[in-house]
Amino acid sequence: MEKIKKILGMFKFLKNKKVILILIVLGFLAIIPPLGIYAWKKRIPQKTALVLKNIVHNVFLEKHHPGDIYGVVHIEEMEEVELSKLKLPPKEEEEIKKTKELEKELKKLKEEEKLAKAPKPKPKKVVKPLPLEEYPKEFLPLKKVLHRPFKQGACAICHQVDEHGKVIKKGKKYPLNRPRVDELCYSCHKERYVKKYDHKPVKKGECLKCHDPHQSNTEKLLKAKTVPLLCVSCHDPKKAKKLKIEKVVNINVKYKHKPVDKDCRNCHDPHTSDYKHLLITALDWKMDFCLDCHSKIKDPKKRKKVDITPLIKTAKYKHDAVFDKDECANCHNIHGSNHRIMLKKPMVKQCLSCHDKEVKQKETGEMLINMKKHLEENKYWHKPIKEVEKKGGCAACHNPHGSNYPYALKKFFTTEFYLPGLKIGEVMCFSCHKEKERFTMKKVFSDKITKFRNGTENLHWRHTQGEKGRTCIACHDPHASKWPNMIGKYTNFNGILFPIRYKKTETGGSCAPACHDKFDYDRIRPVKNVGEIKESFK
Amino acid sequence: MRNILILLCVGVCFAFIAEAEQKVYKLNLKVPANEPVEIIQPAVNSIHYEDTASVVIKIDPKKIEKLEMITHFQVFHLDPDERIIYKNKPKKRKEKFNFNIKEDKLYYCKSIELRYGRNKIQVIATTKDGKKIKKSVEMYLSSPILRAYKYPPPKYKEIFFHKEKNEKVCEECHDMTVNEKKGIAFEDVTKSNCYKCHKALTTRYKYNHAPARNWLCATTCHIGKTGRLNKRLEGKSKFIWPEPQGPECYRCHKEKRKEWDSKRFHHDPVVAGMCDKCHNPHSSPNRYFLRKPSWYLCTTCHEDKVLRGHVVFTFLGRPHPTRGYKDPSNPKRELSCISCHEAHNSDNNFMLLKPFNQICNMCHKK
């Protein structure tokens, strides 16, 4: 007990109040800084401050919703992404260039190999010609091509000759060895023409109608300068009437078929053939014969020859005119014509010659409208139809041979009412109408971009963007319209036609289709419409 | 022989009795009394589905001097459902109309508004002698969704007007034939024959359905055929419509059907093809032609969500709000059921817009 008392006696100084206070203060000073450092490292004060701040904000300040603090990306903002096509990265472009160059070099090497392998032409037999002085005077000066007996001076092969080897003259004629000309010719030219169909002069044995027996400037001793000119001497429409020939070719035209212009023998045999119309091949003259050439692509850059076979034979939507009676010859004049693309009539008239009544489409069973009536009723026409020569007429949009897209159009197109917003850049209309801002800008201030706006709100944008983006054909008629800007008479909503009831004013207009009640728009003084779909939170 | 004779006698007697009955029945044919006032339309104790009706009154202009019509509503206190619908309308229980009587005119027409439940039309005519003649007609406006008015009392029956017999009455003034071309709407809407009597259907509200506004009635919806659920009405009216009306709707809304068929879960009324339940096919004050604003519409059937609360609860028992706030995921509209749920079809459980683990993140980010 004494020991304990001694130890307690040591703490007597604690009875002094000042000492105790000093001790407490010192203790605090020693503990607080390490505590502070520890708390700071654990980020306790910052967190408490944030919580307090939030509480103050919630209790005393305005009420809010989470979207105000944290940025919410709305669907509309996503839609404003530009439609412009993305470009390839530069590395890949360089690679493509390199491969192209390599391919070119390969081609060159192959051609050189071919030339080396090709057999060399054989030397021709040389016939000794007569000296110029011995020809009769009528045949001088000599022409380019000579009949071989004539060249050698062997007149006796054909003509009757006297003892001295001179040709006998009876009156104006020089009598031959045989009574008929063809017999004489066939005695040397031993291939006799014995096929199914004969050319009439061949049948009659009138070889001299086309050929000159002595000399000529053209090959095969022809009488005219070129083959087509020779043929036309009988088959020209004017001369044919006198000679009573049914088959007629007109060569003096604006748009010529190249094989006809160069040589008739590209397709026809001038003497005999096993096939109708004296054609060379067994192919049907209506279509397969044409496709024999027109399936080869020579210069893809020139676009003069395009492979049509896939368009005609395997395409989804086929043009009936291609498969009708005369097939290709329904629309084209095979030998050439005064109208573009060798058509029988000018572009639009040619199409309207069939489409002057309602025509049934075979694939879908849909009735196509009477286009002639439609164009006559409405005075504002689409430019390709109005300016046929410049813009290309019906063929600017349609492919008359057939296509994989509906209505035989050239590119993707739908007749459906809705098309999600971003896809709309792919529709065919945009290949000519390239004003991108019309469909991407929400607010428009100038007339250049669109006149279809309410104040500054772009109404083209409003109609085409979003999940329920409408297609062009919902409002516009691509052929003809009563009003300018090609606004159609009806909107087609899945089979029901609703009239648009468009009215134009000086600074705007109005329309009242099925989609909404009568809505006005005004460029200068924006209008608020009753029942407008744009609703804002109050 | 006796037996045969007796049988013959009995047979002859029966034949006579039958003939006698027929004769009696023929004699009892009701001959309409030549009354000065008669209500032709609406029929007595008929059920209506749209909140407008047209009244036709026939009078004898020589006898009658003054004509007055009063419409009564049954309403004593408004249901919570009705409070939404009749928010801005006056709560009057009587409405009066006066007719101007011309000397040659026999028939007088007027279109009136109806309210859900029992409606009474009273016609008061004063003759030139000073007598008052009173006539009244009762009818019932029922609704496919409002629970109180879904099942009308058995007294009321479905009676249709458009039969050949009834239409003869109107033929003097109105052209009763159908003058629509199938698939092509009128350039001028007022030329439609339906417009003249039924125009109140599409002029009363803000949002109008396209075929109704363009008056393509008889060729698109009221085609005169009956469906699986209303075979009982076959041949009762010229312009009856099939129920379920789904196939009729899908004829125009083709893409919807393609889109929905590929989904996993379906809302029951959609499967049944009862589009009519939520959408009013003619016109409505709400968007998408809904019969009520979307939150109120959903909770008429899914009532437990209101009583018990929905989704999650705080410690104090307060549920997650389902209305009354701005929708954080779509700032254009108010928070309601359709900001989380898909109304028709969905690929996700509980018909949610997104998979379950992402749905909360639409609003509660971080």
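These are my notebook entries on a predicted model of a complex with chains A and B.

**Setup**

I kept to the numbering in which residues count from 1 along each chain as its sequence is written, with chains lettered from A and ligands numbered from 1 in the order in which they are written. The model is predicted, and local features need pLDDT of at least 70, side-chain atom pairs count only at pLDDT 80 or more, and totals for chains, interfaces and linings use all residues.

**Confidence**

I looked up the scores of the complex: the predictor gives an ipTM of 0.76 and a pTM of 0.65. For chain B, I noted an average pLDDT (the predictor's confidence in each residue, from 0 to 100) of 84, with 87% of the residues at 70 or above. Residues 23-29 of chain B fall below 50, and beyond near neighbours in sequence this stretch makes 0 contacts in the model. I took two residues to be in contact if their C-beta atoms, placed from the backbone, lie within 7 Å.

**Chain totals**

I counted helices (DSSP runs of H or I, at least four residues) and strands (runs of E, at least two), numbered from the N terminus. Chain A has 21 helices and 19 strands; chain B has 13 helices and 12 strands.

For burial, I call a residue buried if 20 or more other C-beta atoms lie within 10 Å of its own, exposed if 12 or fewer, and partly exposed in between, with C-beta atoms placed from the backbone. In chain A, 14% of the 538 residues are buried. In chain B, 15% of the 366 residues are.

I then checked contacts between residues at least 6 apart in sequence. In chain A, 42% of them join residues at least 24 apart. In chain B, pairs 24 or more positions apart make up 59% of the contacts with a separation of 6 or more.

**Two helices of chain A**

I compared end-to-end distances with the expected span, which is 1.5 Å times one less than the number of residues. Helix H2 of chain A (residues 17-41) has 25 residues and should span 36 Å; its end C-alpha atoms are 37 Å apart, which agrees. None of its residues is buried: the count is 0. Just after H2(A), I found A:Arg43 with a positive phi of about 60°.

Helix H6 of chain A (residues 90-117) has 28 residues and reaches 42 Å from first C-alpha to last, close to the expected 40 Å. H6(A) is also hardly covered, with a buried count of 0.

**A hairpin in chain A**

I looked at strands S15 (residues 490-493) and S16 (residues 496-499) of chain A, which pair in the antiparallel sense over 4 bridges. Two strands pair if DSSP finds at least two bridges between them. S15(A) and S16(A) form a hairpin with 2 residues between them, and A:Asn494 in the turn has a positive phi of about 50°. Which side chains of S15(A) are buried? A:Thr491 and A:Phe493 are, pointing to one face, while A:Tyr490 and A:Asn492 point to the other and are not buried. A:Phe493 stands opposite A:Ile496 in S16(A).

**The sheet in chain B**

I traced an open sheet of 5 strands in chain B, in the order S2-S8-S7-S4-S5, with mixed pairing. Its edge strands are S2 (46-48) and S5 (94-99), each pairing on one side only. The twist averages 25° from one strand to the next, with axes as lines fitted to C-alpha atoms and angles running from 0 to 180 degrees between N-to-C directions. Strand S4 of chain B (residues 64-73) pairs with S5(B) in the antiparallel sense over 6 bridges. B:Thr71 faces B:Glu95 in S5(B).

**Backbone oddities**

I found a cis peptide bond between B:Gln41 and B:Pro42, with omega about 0°. B:Pro42 sits in the loop between S1 (37-41) and S2 of chain B. Another cis bond joins B:Glu243 and B:Pro244, with omega about 5°. B:Pro244 lies in the loop between H7 (217-220) and H8 (246-250) of chain B.

I also looked for residues with positive phi that are not glycine. A:Ala408 has a phi of about 55° and lies in the loop between S11 (402-403) and H20 (437-440) of chain A. Is A:Ala408 buried or exposed? A:Ala408 counts as buried because it has 21 C-beta neighbours inside 10 Å. B:Phe350 has a positive phi of about 60°, in the loop between S12 (345-346) and H13 (356-359) of chain B. B:Phe350 is exposed, since 11 other C-beta atoms lie within 10 Å.
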